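Student: I would like to go through this model by question and answer. Please show it before we start.

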Amino acid sequence: MELIKTELTPKERLTRYARGEEVDRIPTTLSASETIPVLYGISIHDYYFSADLMVEVESRLAEDFGADNMGVGLGLRTVAEALGTQMHYSDNSVAYITQPAIQDYSQLDSMELINVERDGRLPIILEALGRLQDKFGQERSISTGMAGPLTTACALVGTDRFLKDCIKHPDQVKKLMEYSTACIIACARGIHDKLGISCGLSEPMASANLISRKQFQRWVQPYLKQIVQEFETFQSTPSIHICGKTNDRWADVLDCGISSFWVDNCESLEALKQFAGDKIGISGNVSPVDILRDGTPESIAQEVRRCIREASDSPNGYTLCPGCTTPVGTPRENLIALMNAAYTYGRGAKKGQMCRGIEEA
Ligand SMILES: [Zn+2]
């Protein structure tokens with residue numbers, strides 16, 4: 001299958017779409033960075049430690065699929081790693097935690113704020129982002145993303161321990177959340193000061209599959225709200241992604257002031273549009289594993305059509321993308337099928353209006 005060529009550059013498309021103009025196709029992003037090096041025969045381990053490989057992967061993704069996003073994300077653990085959490089890296093899968101940074105909460109008293117020019121893999125990622133900016137900045141918007149306050153806190157102390165200590169040692173957990181929040185703000189500010197690049201947030205630990213709405217209101221909402229307010233003093237309002245079930249807390253997520261919400265495929269895009277489409281942008285939710293990785297070009301096209309039909313007339317705009325990270329092992333053909341279906345069904349996209357491609361295809 002050949003990729004259909006589009007008329008506009010990603011930057012032209014996103015700028016015009018944001019202004020409320022009609023564009024060639026619905027904005028489409030791939031949510032693929034640390035999971036995709038294997039597609040190009042590159043070890044994920046090597047990718048994590050090489051700005052050259054990061055730039056190569058992003059360049060080849062742009063060439064092969066022409067999605068609207070570009071940039072190296074910090075993933076879910078880079079901030080925690082930079083603060084002392086130890087990781088295991090392997091060639092064919094995403095890195096995981098072997099030892100959390102914090103064994104005793106008293107460590108928090110002497111831990112410094114994150115420094116993007118010094119800590120962990122951040123200097124490598126900054127180098128890659130800067131080079132992408134130089135190479136593609138004319139036609140593409142370069143962005144990055146990082147874990148939210150709860151996911152970062154869990155990576156600093158260990159998830160099981162965090163959840164236990166919420167009940168046993170709430171004062172210590174509060175201190176940890178304040179530190180996690182301060183480091184996220186310092187990290188995004190550091191990246192923006194150096195490169196002018198904005199950062200979005202992913203908060204998988206805030207899913208209803210893992211914590212109750214009450215826990216969300218206590219341990220996520222105030223910190224997320226503070227992060228959004230602080231981010232707005234130096235970058236654009238951040239978007240957020242939360243994995244899995246989320247609909248019982250959509251009102252709380254919205255209350256944090258985020259610019260858009262990227263929803264997983266177990267939730268209804270149609271329902272999210274009804275609930276929040278007049279206030280924020282929405283994105284999602286092509287089934288990442290069953291359809292994007294394991295499906296056929298035909299099932300992918302049907303899924304893309306479903307998403308565009310449900311969400312493309314959302315008043316503040318819609319971005320087509322997988323419901324979560326593009327899984328390791330997703331075939332090249334399937335990503336081309338996604339992009340081509342986005343072009344076919346998502347032609348003539350404008351905020352608040354059903355894509356013309358839905359009627360015409
Ligand atoms: Zn997710």
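Student: Which residues touch the most other members of the largest nonpolar core?
Tutor: The model is a predicted one. Its largest nonpolar core has 103 residues. Those that touch the most other members are Val 79, Cys 187, Phe 261, Ile 282, Val 304 and Leu 338.

Student: Which helix gives the most to this core?
Tutor: The core draws at least three residues from each of domain 1 (1-41 + 259-361) and domain 2 (70-242). The helix that gives the most supplies ten residues. That helix spans residues 170-195 and is H8.

Student: Which residues is Val 79 in contact with, leaving aside its neighbours within four places in sequence?
Tutor: Contact here takes C-beta atoms within 7 Å. On that basis, and without the neighbours within four places in sequence, Val 79 is in contact with Leu 74, Ile 114, Met 146, Ala 147, Thr 152, Cys 183, Ile 184 and Cys 187.

Student: How many residues does the contact between the domains take from domain 1 and from domain 2?
Tutor: The domain assignment gives domain 1 (1-41 + 259-361) and domain 2 (70-242). Their C-alpha centres lie 26 Å apart. The contact takes 13 residues from domain 1, and from domain 2 it takes 15 residues.

Student: Which elements give two or more residues to the side of domain 1 that touches domain 2?
Tutor: By class, that side of domain 1 has six nonpolar, five polar and two charged residues. The elements giving two or more residues to the side are helix H1 (10-18) and strand E7 (260-263).

Student: What span should helix H15 have at 1.5 Å a residue?
Tutor: Helix H15 covers residues 332-345, which is 14 residues. The expected span is 1.5 Å times one less than the number of residues. The end C-alpha atoms of H15 agree with the expected value, which is 20 Å.

Student: Is H15 mostly covered or mostly uncovered, and which of its residues are buried?
Tutor: Ten of the 14 residues of H15 are buried, so by the cut-off of 20 or more other C-beta atoms within 10 Å the helix is mostly covered. The buried residues are Asn 334, Leu 335, Ala 337, Leu 338, Met 339, Asn 340, Ala 341, Ala 342, Tyr 343 and Tyr 345.

Student: How far apart are the end C-alpha atoms of residues 9-344?
Tutor: An unreviewed UniProt entry places the feature "domain: Uroporphyrinogen decarboxylase (URO-D)" at residues 9-344. Over this range the chain is 48% helix and 11% strand. The end C-alpha atoms are separated by 17 Å.

Student: Is Gly 348 buried, partly exposed or exposed?
Tutor: Gly 348 lies in strand E10 (residues 347-349). Its C-alpha atom is 5.5 Å from that of Val 23, 325 residues apart along the chain. Not counting residues up to four places away in sequence, Gly 348 touches Glu 22, Cys 355, Arg 356 and Gly 357. Because there are 18 C-beta neighbours inside 10 Å, Gly 348 counts as partly exposed.

Student: Is Ser 31 buried or exposed?
Tutor: Ser 31 sits in the loop between strand E1 (23-25) and helix H2 (44-48). Although Ser 31 is not a glycine, its phi is positive, at about 45 degrees. With 25 other C-beta atoms within 10 Å, Ser 31 is buried.

Student: How far apart in space are Gln 229 and Arg 19, C-alpha to C-alpha?
Tutor: Gln 229 belongs to helix H10 (residues 221-231). Gln 229 is partly exposed, with 13 other C-beta atoms within 10 Å. In sequence Gln 229 and Arg 19 are 210 residues apart, and in space, C-alpha to C-alpha, 23 Å.

Definitions and conventions. Residues are numbered from 1 along each chain as its sequence is written. This is a predicted model: local features need pLDDT of at least 70, side-chain atom pairs count only at pLDDT 80 or more; totals for chains, interfaces and linings use all residues. A nonpolar core is a set of buried Ala, Val, Leu, Ile, Met, Phe, Trp, Tyr and Cys residues joined through C-beta atoms within 7 Å. A residue is buried if 20 or more other C-beta atoms lie within 10 Å of its own, exposed if 12 or fewer, and partly exposed in between; C-beta atoms are placed from the backbone. Helices (H or I, at least four residues) and strands (E, at least two) are DSSP runs, numbered from the N terminus. Domain bounds come from an automatic or database domain assignment. Two residues are in contact if their C-beta atoms, placed from the backbone, lie within 7 Å. Ala, Val, Leu, Ile, Met, Phe, Trp, Tyr, Cys and Pro count as nonpolar, Asp, Glu, Lys and Arg as charged, and the others, Gly among them, as polar. UniProt positions are given in the numbering used here, feature names are shortened, and annotations may be inferred rather than shown by experiment.
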